[in-house]
Amino acid sequence: MERNGESDIIGWFDEVAETADSVQTQTLSQILRLNYGVEYLKKWFRDINIQEMEENALESLFTSLVPLASHADLEPYIQRIADGDEAPLLTQEAITNLSLSSGTTEGRQKFVPFTKHSSKTTLQVFKLAAAYRSRIYPIREGGRILELIYGSKQFKTKGGLTVGTATTHYYASEEFKIKQEQTKSFTCSPEAVISSGDYNQSTYCHLLLGLHFRDEVEFITSTFAYSIVQAFRSFEELWREICDDIREGSLSSRITITKVRNAVLDIISPNPCLASRIASTCEELEVKDWFCMIPKLWPNAKYVYSIMTGSMQPYLRKLRHYAGNLPLVSADYGSTESWIGVNVNPSSPPEKVTFAVMPTFSYFEFIPLHSQNQQNANSNTDDFIEEDPVPLSQVKLGQEYEIVLTTFTGLYRYRLGDVVEVAGFHKKIPKLNFICRRKLILTVNIDKNTEKDLQLVVERGSQALSKSKAELVDFTSHADVAKQPGHYVIYWEINGEVEERVLRECCREMDASFVDHGYVVSRRTNSIGPLELCIVEKGTFKKILEHFIRNGAALSQFKTPRCTSNQVLLKILDACTIKRFRSTAYGQEF
């Protein structure tokens, strides 16, 4: 049954969706009037008084005068803010926090302004998404959520601004507490566990408290599917220790942070009966390779909720293994820069999920993209032919676009770099299917392969592993151009024993599965060398995770980079490589 608050917020969204074009014009007008006179906009508007302008005229003026921008264009302004410049550079509202992007996509972290508006929109997205989920998967009021969420360490800039990940800012905000009250669902873990800054200690405590409250847990969630898989892989090793703590009402010596120990010990108490039940279940699960772990350990859980699109898709197989028949619900579409869309059809499988754009959060434009004719392409950077940006009201079904944002937090006509496809409409709002990051990830000369291309190739190549009852834990890649001809290197971490004959087959299959015309022609003429498959030792990708966390990323935000030229990561990968294979797909023998 739908609660009044849920009905109200869905009703509000439907009203907004009916008039999305005028709502977008109003949103832009509001952003520009709030930030009238800031230094960045004065460059383009000069002495034009926009305060008295009619909204449609202001929209036309803005898109004709203000150019498209990348982060590099805004970086000097953000750096001045970080250094303590209090002049209105990007926003009239003082910016006191800066969000740190994960740095896993482009290899380095970026500062992005974070304001009160950022927390408010996050609360609104969470409430709206919860209302749609409750229609299909109703949960009990007052229930618990096993939230595998992690704050990162924060630091101050020279100018005194607090820097941390967007998720860290949100978990520390008043809105995070309000979200629990208004959705009537409460996280299992106290703030001290979420913000510990040590993901191993936080994970242990999340799992312990999740089992302490096991009968109250309504669903399991984390920002990314990776974090859930990582936590349950850890549980396979830790369950006996966790059971001991439940039995004794104690806390493992591996938890060394005093505030975390105190917060957890204030909640738990000795419970030998629960410990015995969990231990018995785990013994059965261990024999079955932990199949259906989640519903067996949390019998009242209704679903698993997380971002499962894009670079998270390779983890779906393992997540389904843990979840059994429990529904996997894809979480909403956002970035460090802005929330973009909400999942209004929670029963859609993650592979088919779409996101209805939130027209009140930012002003959205869309750059139409068309694939290059690969046979005529001679550039290794222009992966798409672009048209001029169009507003939200003019997008077309089936067309691919790059998203452009103008936000309340000081980003103007900002190219996000995400490629999306319009897969349908919710009234007059486009529903987007995330395709990939715009940035090319694998290229040696005229070849062009995106993250999605790589994922499909790895999926095909790894099918042979199932015959050996082994599984692919994680992967990344590198375009090695140090020696001629350059070639692709793909790194795999595997769980289980696999014969070298099978791995050679996997290597050959991947090389043959790249269908990009530039790659195929280059392989046939040997201007790109045979693909190399490197098998790395167990735990290698955990070392990569730890490298990012040491450099300020949070586990909640971490995504394994699918292609890297980062020399530190390549050193880790090469040092951990235990076997190498070269493809024979195009006739070359190695």
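In this predicted model, a good place to begin is an open sheet of four strands, which follow one another in the order E19-E20-E21-E22 with mixed pairing. The edges of the sheet are formed by strand E19, residues 471–480, and by E22, each of which pairs on one side only. If the direction of the strands is ignored, neighbouring strands of this sheet are turned against each other by 20° on average. Along one side of the sheet, E19 and E20 pair in the antiparallel sense over nine bridges, and within this pairing His478 has Val489, in E20, as its bridge partner.

From the sheet the eye can move to a helix, since H17 packs on the sheet and touches E20, E21 and E22, with a direction that makes about 55° with that of E22. Helix H17 covers residues 500–513, and its 14 residues reach 20 Å from the first C-alpha to the last, which is close to the 20 Å expected at 1.5 Å a residue. Its buried residues are Val502, Leu503, Cys506, Cys507, Glu509, Met510, Asp511 and Ser513. These buried residues pack against strands E20 (487–495), E21 (532–536) and E22 (577–582), and they also pack against two helices, H16 (451–461) and H18 (517–524).

The next topic is the nonpolar interior. The largest nonpolar core has 146 residues, and those with the most contacts inside it are Ile220, Phe232, Phe235, Trp298 and Ile403. Helix H11, residues 225–248, gives the most to this core, with 12 residues. A second, separate core has 29 residues, including Ala464, Ile490, Cys507 and Met510; of these, Cys507 and Met510 are also among the buried residues of H17.

Returning to the largest core, one can look more closely at Ile403, which, when neighbours within four places in sequence are left aside, is in contact with Tyr333, Ile340, Phe364 and Leu432, among others.

A last stop is Ser338, which lies in the loop between strand E10 (333–334) and strand E11 (339–342). Is Ser338 buried or exposed? Residues under 20% relative accessible area are called buried, and Ser338 counts as buried because its relative accessibility is 9%. Leaving aside neighbours within four places in sequence, Ser338 is in contact with Ser362, Leu405 and Thr407. With Ser362 there is also a polar contact, made between the side chains of Ser338 and Ser362 at 2.8 Å.

Methods: Residues are numbered from 1 along each chain as its sequence is written. This is a predicted model: local features need pLDDT of at least 70, side-chain atom pairs count only at pLDDT 80 or more; totals for chains, interfaces and linings use all residues. Side-chain values use heavy atoms; hydrogens and water are left out. Buried means under 20% relative accessible area, exposed over 50%, partly exposed in between (1.4 Å probe, protein chains only). A polar contact is a pair of N or O atoms within 3.5 Å; within protein, one must be able to donate a hydrogen and the other to accept it, and residues adjacent in sequence count only if both atoms are side-chain atoms. Contact means heavy atoms within 4.5 Å. A nonpolar core is a set of buried Ala, Val, Leu, Ile, Met, Phe, Trp, Tyr and Cys residues joined through side-chain atoms within 4.5 Å. The expected span of a helix is 1.5 Å times one less than its number of residues. Two strands pair if DSSP finds at least two bridges between them. Axes are lines fitted to C-alpha atoms, for helices over the stretch in contact, and angles run from 0 to 180 degrees between N-to-C directions.
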